[in-house]
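Colleague: Before I rely on any of these descriptions, I should like to hear the reasoning behind them. Please show the structure, and let us then go through the terms one at a time.

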Amino acid sequence: MAQPMFDRFYYGGDWNPEQWDESVWIKDIRMLEDAGINEATINVFSWAQLQPSEDEYDFSTLDRIVKLLVDHHFGIVLATSTAAIPAWMARRHPDVMYTDFEGRRHKFGDRHNPCPNSPTFKTYAPRLAGKLAERYADTPGLVAWHVSNEYGAYCYCDNCRDAWIEWLKAKYGTIEALNKAWYTHFWGHTIYDWDDIVVPNALSDEWEPGCATLSCAAIDYRRFMSTSITRCFTDERAAIREFDKTTPITTNLMSVFMDIDYFQLGKELDVVSWDSYPRYDFPASAVAMRHDLMRGVGGGKPFMLMEQTPSQQNWQPYNSLKRPGQMRVMSYQAVAHGADTVQFFQLRRSIGGTERFHGAVISHADTENTRVFREVSQLGAELKEYGKEYMGGHVESQAAIMFDWESYWAMYYSSGPSVLLKYVDQIHHYYAALYRRNIQVDIIPSTTPSDQLAKYRVVLAPALLMVKPGVPDAIESYVRSGGRFVATTMSGIADENDQVILGGYPGAFRELVGSWGEELDALPPERPVGVRLENGGDVTGSIVAELIHPVTSSVLATYTTDFYAGTAAVTVNTVGSGKAYYVGTHLDENGMDWLTDVLVRDAALETVDTPHDVEVRVRDYDDGRQLVFVLNNGPETQTVNLPERLSGTSVFDGSRIAGLFDIEPYGLRVIRL
Amino acid sequence: MAQPMFDRFYYGGDWNPEQWDESVWIKDIRMLEDAGINEATINVFSWAQLQPSEDEYDFSTLDRIVKLLVDHHFGIVLATSTAAIPAWMARRHPDVMYTDFEGRRHKFGDRHNPCPNSPTFKTYAPRLAGKLAERYADTPGLVAWHVSNEYGAYCYCDNCRDAWIEWLKAKYGTIEALNKAWYTHFWGHTIYDWDDIVVPNALSDEWEPGCATLSCAAIDYRRFMSTSITRCFTDERAAIREFDKTTPITTNLMSVFMDIDYFQLGKELDVVSWDSYPRYDFPASAVAMRHDLMRGVGGGKPFMLMEQTPSQQNWQPYNSLKRPGQMRVMSYQAVAHGADTVQFFQLRRSIGGTERFHGAVISHADTENTRVFREVSQLGAELKEYGKEYMGGHVESQAAIMFDWESYWAMYYSSGPSVLLKYVDQIHHYYAALYRRNIQVDIIPSTTPSDQLAKYRVVLAPALLMVKPGVPDAIESYVRSGGRFVATTMSGIADENDQVILGGYPGAFRELVGSWGEELDALPPERPVGVRLENGGDVTGSIVAELIHPVTSSVLATYTTDFYAGTAAVTVNTVGSGKAYYVGTHLDENGMDWLTDVLVRDAALETVDTPHDVEVRVRDYDDGRQLVFVLNNGPETQTVNLPERLSGTSVFDGSRIAGLFDIEPYGLRVIRL
Amino acid sequence: MAQPMFDRFYYGGDWNPEQWDESVWIKDIRMLEDAGINEATINVFSWAQLQPSEDEYDFSTLDRIVKLLVDHHFGIVLATSTAAIPAWMARRHPDVMYTDFEGRRHKFGDRHNPCPNSPTFKTYAPRLAGKLAERYADTPGLVAWHVSNEYGAYCYCDNCRDAWIEWLKAKYGTIEALNKAWYTHFWGHTIYDWDDIVVPNALSDEWEPGCATLSCAAIDYRRFMSTSITRCFTDERAAIREFDKTTPITTNLMSVFMDIDYFQLGKELDVVSWDSYPRYDFPASAVAMRHDLMRGVGGGKPFMLMEQTPSQQNWQPYNSLKRPGQMRVMSYQAVAHGADTVQFFQLRRSIGGTERFHGAVISHADTENTRVFREVSQLGAELKEYGKEYMGGHVESQAAIMFDWESYWAMYYSSGPSVLLKYVDQIHHYYAALYRRNIQVDIIPSTTPSDQLAKYRVVLAPALLMVKPGVPDAIESYVRSGGRFVATTMSGIADENDQVILGGYPGAFRELVGSWGEELDALPPERPVGVRLENGGDVTGSIVAELIHPVTSSVLATYTTDFYAGTAAVTVNTVGSGKAYYVGTHLDENGMDWLTDVLVRDAALETVDTPHDVEVRVRDYDDGRQLVFVLNNGPETQTVNLPERLSGTSVFDGSRIAGLFDIEPYGLRVIRL
């Protein structure tokens with residue numbers, strides 16, 4: 001079960017004292033202590049400083065930074081610095097730099113630049129991690145090891161190609177098996193020799209991003225790259241573990257980042273940590289979904305909010321400020337969804353480098369007398385007082401949504417039916433509908449076994465395009481035993497090689513949903529389709545409309561326009577003691593609310609009605625405690641009517657919170673049940 | 001004259017059994033026979049399968065496919081498979097892969113990837129074509145040879161450069177002649193040595209696509225590439241003809257595809273075939289125009305509709321379904337414009353590869369019980385019954401539009417006056433105006449001699465920018481003898497080297513139209529110009545407004561706004577017993593309808609008034625028969641009032657069709673006169 | 001002081017007779033003489049013709065061209081032809097061609113193509129300039145030497161890299177100093193060896209244009225490139241000066257072109273010349289601003305309008321015609337702002353090459369009987385009569401705007417706060433507000449010493465992001481002595497290494513403006529902020545809103561919306577006998593007009609109220625004469641009410657011009673005071 005991983009609530013973030021004179025360091029510490037900061041994430045980009053040349057290491061600056069933090073009882077998240085290659089290494093060992101999608105080997109510069117299969121990188125990165133572990137394993141206050149930083153870039157060099165071919169040999173055994181999986185008879189792509197294989201990029205088979213002749217080959221390259229990057233992590237982890245057997249090891253993830261299968265990488269992390277950078281116009285549901293995904297990647301355990309900005313970002317088109325209170329409520333949103341830390345990028349704003357306009361606790365004004373510093377301090381005081389109470393709780397969800405990186409990739413490579421059909425959008429579309437009713441959601445891998453599915457009253461698999469072996473059986477077993485399952489257009493249509501399953505959509509789930517889809521109409525933006533619901537309501541569908549034939553299913557909604565007017569748009573099939581829904585179009589918000597109502601009724605889901613912008617979450621603790629978080633994510637005062645079952649006393653002042661009350665803009669309540 | 005090239009109406013399309021287990025093959029054949037399919041286009045992408053290595057050929061799978069088709073009396077369009085280079089060849093002979101516009105040699109992958117001047121390709125492609133011909137020339141039911149597939153990609157490698165220089169030497173003889181033709185004193189581009197010449201691409205003189213310092217050089221490279229690709233075709237043709245003297249040889253064209261001069265390639269084809277893939281929002285006139293262009297490329301002879309989708313495409317942004325009946329009426333539209341076959345891409349939908357969401361006769365549902373299969377079957381039955389009657393007819397047109405690939409290229413490289421001035425748009429603008437009155441149009445090369453022009457009552461040359469020697473004389477002679485000719489802004493302004501002809505626009509046609517254009521104003525979208533017609537009507541012009549001085553001409557329309565208000569926008573000049581019109585701006589639809597009226601009156605053109613979406617075409621047969629096709633290309637029922645001269649009896653049921661009648665959505669009538 | 005540099009008013013432009021048979025030359029001269037043209041700019045792109053090979057030079061054609069011009073008493077602007085590398089040189093010495101931002105060395109073609117640090121270029125270009133000077137220095141009528149043409153392209157080759165490293169060594173002395181200036185601890189970019197340094201481009205540290213990890217490094221590369229290009233100019237200048245000690249030497253600039261610091265290059269020019277190519281929808285203020293910038297680059301001296309089109313351009317999306325009179329008024333606008341010549345690109349329109357649709361005095365109609373030719377002739381007659389009177393005047397301005405190429409670059413590399421914040425837009429925003437009141441403006445470098453600032457009543461430094469040492473002191477001294485200074489958001493925030501100055505914005509000007517900015521909110525387009533002015537007016541701000549704390553300043557305007565409603569948006573601080581304003585948001589036009597009113601009142605600026613489109617300028621002469629130019633830049637008749645102090649007699653007819661009068665579309669008055 002969920003347990004607090006840390007002894008206190010860590011509140012801090014990235015600190016880069018190596019950018020500053022030491023006179024600034026002590027000033028920073030004093031200010032940070034004033035703000036209630038108790039943690040610093042350090043050494044994220046110091047490789048060049050730590051290793052000035054081939055065999056020379058210099059930890060003197062880091063020693064002083066660590067000592068200062070230890071002296072001040074800071075928790076330390078110690079990074080391994082391997083995200084950015086030193087200039088000298090790039091020059092002397094060009095293989096260490098990545099080769100991009102256009103086939104161009106890069107020179108020194110930028111970040112996220114190593115080739116994950118570079119012999120040089122594979123030698124030097126774990127060596128550095130090991131040296132750091134050897135030196136700092138026993139540092140008091142060491143919170144976690146932070147390997148690399150925001151893993152990302154794919155490489156397309158010859159070392160990667162060679163390693164890929166070995167990976168393919170291990171996976172397929174024979175060329176025949178590979179040809180079959182890759183469907184190489186298409187466009188005459190038959191391979192006769194392992195050495196014929198080239199990496200799929202702009203110079204070969206992925207002629208523009210997302211357009212690959214053989215999607216299975218392109219997906220295999222993604223699997224391989226995801227595996228290579230995961231191996232970079234485990235290489236460093238192993239080096240650390242030689243000297244430190246216990247401190248948690250993590251790397252910071254980026255929620256819906258496409259290029260790494262985080263369920264794969266997540267398995268290797270002792271604790272998931274992630275960086276939350278919503279655009280100014282993201283709805284709160286989009287942030288909530290990302291938290292839930294990250295919690296899911298960690299198997300439901302508490303996670304670290306490794307980075308967020310206290311005020312603004314710098315790399316968006318419009319880097320708007322977080323409004324007063326907004327940073328606080330976003331921090332609590334993270335906690336409500338399972339975070340056990342609140343950390344910022346960054347503690348002090350840099351004065352140079354591309355991120356110099358990114359927000360920080362200590363701004364360019366270099367004073368405590370700023371709105372942001374005050375808000376950080378207020379939250380710091382609050383977390384010092386109550387933070388420990390928040391920690392270690394799990395999130396009990398009656399609903400689960402399957403998220404699958406391979407389906408994400410398959411959708412990316414899907415040529416047709418519509419450019420508007422995007423994987424994360426589809427996941428969010430269903431997530432947001434549940435969120436509007438405050439239904440808690442776990443985001444889970446598609447391979448979740450049926451006994452683990454059993455705890456959910458409803459499981460949704462929007463656009464779960466590729467289905468791994470065993471998945472349909474697990475889901476069917478779940479439904480037969482009473483579960484509710486929702487499949488959508490594009491769910492279940494292809495096998496693990498992205499080959500379409502014959503017999504009508506949704507392929508692997510066809511019998512389960514009791515309907516088959518004959519055709520997939522793409523709806524241009526100016527041509528939505530009308531949909532009539534079983535309750536008489538009229539809504540619209542967009543993006544796609546699937547022409548569905550109910551077989552054993554009942555019709556819940558029908559199209560009202562175009563030549564398929566009168567035919568099924570949504571069906572439900574009773575299987576054993578459960579039900580399987582099939583949704584053939586992208587329903588509008590009213591349509592999605594109706595669908596949620598149907599599920600709520602059918603699966604007896606608990607909901608809370610709140611005004612738009614207000615979110616209610618419950619975190620459960622192993623000792624039986626429950627905390628209710630009532631969050632106003634918006635800029636207006638809202639009136640909430642809290643159901644009796646969620647009423648209780650305020651964590652902050654012990655007052656009773658129940659029934660009807662107002663909640664101020666970006667305000668929040670934390671309630672002990 | 002036009003004669004049926006085939007013994008029956010072929011109804012079929014691409015079939016790729018090599019993607020499937022043989023158990024599927026026989027199932028396919030049974031279903032296809034049920035659908036009335038009698039033809040299969042095979043072997044389009046099988047090079048890798050046919051030739052596993054340097055000197056090894058393996059026809060065993062193809063033998064079995066052919067045998068199955070022969071056993072079932074299918075017609076066979078046998079492709080040579082050379083569109084996609086095998087992986088092993090790309091690895092062992094890198095010269096075979098094309099070098100792209102950015103100067104990057106590609107590795108294995110994608111399709112349409114050979115360098116047309118690669119020694120490897122020139123060796124292996126004809127050798128394969130020859131081996132296929134040797135083996136399959138006597139196959140019963142062999143309909144046609146299908147060389148390569150949708151020829152396309154340009155190459156910019158050193159082999160192409162060397163071959164280009166040889167081509168230039170042959171064309172120009174001396175460096176001086178080349179410098180003169182290329183206008184190399186501009187920007188100091190003087191060449192002193194053949195070896196100074198570099199291919200015009202992103203690394204040299206075409207700094208971005210469409211922007212070339214020396215347009216004549218860039219156009220020469222296009223001429224050379226078009227010639228090289230045509231030579232790829234004739235190389236394979238020659239290899240086939242060693243073993244098969246009679247079967248027609250074709251390759252599938254792509255209508256207005258810019259990169260190949262189809263009038264050049266078309267001359268080498270025994271029969272033109274083409275692939276019709278309109279976007280969902282194409283007007284019917286745009287498809288009609290493409291059919292007429294393809295018929296023109298074949299010199300007016302019947303052509304093959306080599307590919308169309310029975311339902312949807314996969315590579316458009318929105319791959320909407322064809323509505324019920326739409327595939328049928330589009331097939332008839334092809335026939336009405338001169339097609340003697342109706343073929344699909346494809347017969348069975350693939351389950352992998354980038355085209356897996358492209359429509360097919362047998363869908364992923366893998367059953368005959370689909371709308372598409374039923375529609376295909378209905379059309380199959382109809383074509384089996386009546387198809388032969390449709391074949392071999394020609395299309396008699398009173399109007400002709402000149403289409404010129406070199407002008408297309410010259411417009412592409414024209415820097416100024418407006419980015420909105422695009423060649424195909426201009427052609428369609430005039431085509432559509434005639435189409436709205438059901439005036440049949442031949443699309444002809446600009447080099448059509450005057451005796452062949454003589455059969456047209458009106459000839460239009462919109463934006464015929466570059467004029468080859470002899471063209472102005474032929475047109476003048478045509479007009480003088482009574483023809484009507486329409487030139488527009490940008491027509492006739494440059495010689496065969498894309499050098500502007502002095503003395504006022506439209507240069508080569510200046511005396512003929514009896515007007516000269518002084519300036520070309522570019523109209524931004526927010527600044528249309530008013531135009532008053534001789535009938536008092538007020539319309540608008542857009543994109544460009546040419547300031548025209550009538551000399552011997554009369555004014556038909558004048559501008560009403562801007563500083564050139566009151567000056568001529570459209571003029572007409574009487575020459576001999578004919579007339580030459582000059583149109584100085586891009587008239588709106590009302591303006592174009594007026595212009596059509598003027599031409600109809602002046603040239604006594606036959607027209608048929610039909611509602612929007614309804615098209616009437618007549619196909620004439622050498623035996624004196626005439627068929628009238630009345631096509632409702634739209635989704636609404638329309639009421640048609642057929643003139644007596646087009647009345648007759650229905651091909652389908654012998655009923656009389658005349659006068660006023662309703663025609664259902666996507667419905668059609670075929671009438672024997 | 002300003003003196004006429006030339007003995008007569010030169011009216012002419014680019015002439016490329018080498019593109020034509022000699023029979024055309026004499027025809028051109030006759031037509032040009034008819035039009036009052038008295039100058040030709042020649043030899044701009046003739047390198048390939050002048051130097052057919054390594055050691056061979058051929059001046060015979062140029063000799064004939066020069067002789068013809070001399071015989072006809074034309075002034076000659078003689079170009080050195082080095083802007084476009086000959087084909088043979090590109091082939092034999094590939095180092096001469098530039099390597100682009102993507103790291104690709106170019107082959108022959110295009111223009112502006114030399115690598116400025118190529119040994120080949122550094123040898124051959126000055127050698128050609130010297131040979132030209134040796135041969136033509138004594139040519140009668142030689143007006144000026146025109147080096148290269150529109151200097152531009154950056155190069156990223158290894159020669160440039162090596163030269164850059166030497167430049168960096170000279171600048172920084174030690175690696176430590178470089179690391180400090182470049183802020184290399186950011187993202188671990190520490191350099192240990194000069195040889196580690198790579199040029200910042202798409203393959204290294206400028207991952208996409210404008211996105212650089214280390215902005216100071218990227219700016220240093222721009223400084224180095226600007227210096228290298230300036231050195232190309234001075235190399236040729238030195239070669240010319242060996243043979244010609246007196247003729248002015250220039251190169252044609254491009255106003256706000258980003259890549260060259262024109263204040264650096266401008267210092268080396270004997271006379272500034274520039275090419276004015278406004279887009280059809282540019283407001284007149286945008287053109288006026290460019291003239292003033294170019295005059296400023298020349299230190300206030302009269303400049304040459306080296307190029308403008310008499311009618312239309314060819315490389316814009318919509319190449320609209322200049323309306324009747326518009327070319328004349330635009331010519332006078334140049335003169336009013338300090339031009340002593342009016343020159344066209346070009347005299348005869350080419351018939352080939354990418355600029356064949358660019359306007360010219362002699363059009364493709366090849367006759368004098370054109371609107372453009374007539375307008376050119378009318379202006380020619382006018383300039384022949386009055387031009388000399390216009391020459392040599394200076395422009396007295398009470399206001400100055402600082403323009404700084406390094407701030408331009410720093411804004412380009414600024415990641416955040418908003419993509420809408422663009423340097424030239426910000427300059428124009430303030431310029432346009434003054435322009436609307438006919439306040440004359442000098443555009444000056446930020447390093448202008450305080451004694452030179454003293455002559456201005458107000459100095460504005462919009463978005464002067466990077467501040468060089470000494471600048472804040474000079475400005476403070478200026479203010480203290482009674483000057484008015486306007487800083488805006490982003491002004492003064494960084495030092496000469498683009499490192500942000502701590503303590504609150506606007507950093508270097510913080511004490512001067514008596515306010516400090518705490519946060520910079522980015523306003524998406526749909527979220528403007530309300531601003532209330534001290535006069536009670538309500539306006540809006542957009543793009544950014546800075547949260548400002550007045551310290552010693554007074555508040556002039558406050559925000560009315562968002563959480564910072566009620567806080568300062570604009571402040572003013574009294575310092576000594578002057579004042580410093582600080583503007584925290586991008587005010588709308590009404591807001592800017594209010595700000596101008598405040599400055600007018602406060603600094604006693606002289607203004608003239610005119611209708612929109614009408615501009616009044618005064619040019620002062622050393623002999624005490626003054627000319628007033630009243631220009632109607634728009635297409636409607638306007639009524640002007642000229643203040644008494646600007647009344648006088650018409651230069652054209654001696655009539656009195658005063659008080660209220662109408663001025664026709666694109667009309668103008670020139671008044672002797």
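Colleague: What makes the radius of gyration of chain A agree with that of a compact globule?

Modeller: This is a predicted model, and the comparison rests on chain length. For 673 residues, a compact globule would have a radius of gyration near 26 Å; chain A has 26 Å, so the value agrees with the rule. Along its principal axes, the C-alpha trace of chain A spans about 75 × 70 × 45 Å. Chain A contains 18 helices and 29 strands.

Colleague: How do you know which part of chain A belongs to the domain "Beta-galactosidase trimerisation"?

Modeller: That name comes from UniProt, in an unreviewed entry, where the annotation covers residues 398-605 of chain A. In the model, this span is 26% helix and 32% strand, and its end C-alpha atoms lie 7 Å apart.

Colleague: Which residues of chain A carry the feature "active site", and how are they arranged in space?

Modeller: UniProt, again in an unreviewed entry, places the feature at Glu150(A) and Glu307(A). They are spread over 158 residues of sequence, yet they cluster in space, with a largest C-alpha distance of 10.7 Å. Glu150(A) is found in the loop between β4 (142-146) and α6 (158-172) of chain A.

Colleague: What is notable about the phi angle of Glu150(B)?

Modeller: Glu150(B) is not a glycine, but its phi is positive, at about 40°. The residue sits in the loop between β4 (142-146) and α6 (158-172) of chain B.

Colleague: Why is the pair of Arg241(B) and Asp270(B) called a salt bridge?

Modeller: The closest N and O atoms of Arg241(B) and Asp270(B) are 2.8 Å apart. The cut-off is 4 Å between a side-chain nitrogen of Lys or Arg and a carboxyl oxygen of Asp or Glu, so the pair qualifies. The two residues are 29 apart in sequence and link distant parts of the chain: Arg241(B) belongs to helix α8 (residues 215-241) of chain B, and Asp270(B) to the loop between α9 (262-266) and β9 (273-275) of chain B. Over all chains, the rule gives 151 salt bridges.

Colleague: How do you know how much area is buried between chain B and chain C?

Modeller: The size of an interface is often given as the accessible area lost when the parts come together. For chain B and chain C this area is about 4800 Å², and carbon and sulfur atoms give 55% of it. In chain B, the residues that lose the most area to chain C are Tyr183(B), Trp187(B) and Leu203(B), together 15% of what that side buries. The contact takes 56 residues from chain B and 49 residues from chain C.

Colleague: What makes Arg356(C) and Asp498(B) a salt bridge?

Modeller: Their side chains meet at 3.0 Å, N to O. Set against the limit of 4 Å, this distance satisfies the rule, and therefore the pair counts as a salt bridge. The rule finds 8 salt bridges across the interface of chain B and chain C, along with 28 residue pairs in polar contact. On the side of chain B that touches chain C, strand β16 (residues 515-523) gives the most, with 7 residues. That side divides into 30 nonpolar, 14 polar and 12 charged residues.

Colleague: Which residues form a salt bridge at 2.8 Å between chain A and chain C, and what surrounds that interface?

Modeller: Arg371(A) forms a salt bridge with Glu519(C), with the closest N and O atoms 2.8 Å apart. Across the interface of chain A and chain C there are 8 salt bridges by the rule and 26 residue pairs in polar contact. On the side of chain A, α2 (47-50), α4 (87-92) and α12 (371-390) each supply at least two residues, and α4(A) gives the most, with 3 residues. Here 49 residues of chain A are in contact with 56 residues of chain C.

Colleague: Why are two of the peptide bonds described as cis?

Modeller: The description goes with the omega values: about 5° for the cis bond joining Phe345(A) and Gln346(A), and near 0° for the cis bond from Tyr505(C) to Pro506(C). Gln346(A) lies in the loop between β11 (339-344) and α12 of chain A, and Pro506(C) in the loop between β15 (484-488) and α17 (510-513) of chain C.

Conventions:
Residues are numbered from 1 along each chain as its sequence is written. Chains are lettered from A and ligands numbered from 1 in the order in which they are written. This is a predicted model: local features need pLDDT of at least 70, side-chain atom pairs count only at pLDDT 80 or more; totals for chains, interfaces and linings use all residues. Side-chain values use heavy atoms; hydrogens and water are left out. Contact means heavy atoms within 4.5 Å. Buried area is the accessible area (1.4 Å probe) that two parts lose on being put together, summed over both. A polar contact is a pair of N or O atoms within 3.5 Å; within protein, one must be able to donate a hydrogen and the other to accept it, and residues adjacent in sequence count only if both atoms are side-chain atoms. Helices (H or I, at least four residues) and strands (E, at least two) are DSSP runs, numbered from the N terminus. Ala, Val, Leu, Ile, Met, Phe, Trp, Tyr, Cys and Pro count as nonpolar, Asp, Glu, Lys and Arg as charged, and the others, Gly among them, as polar. UniProt positions are given in the numbering used here, feature names are shortened, and annotations may be inferred rather than shown by experiment. The radius of gyration is taken over C-alpha atoms; the globule rule is 2.2 Å times the number of residues to the power 0.38.
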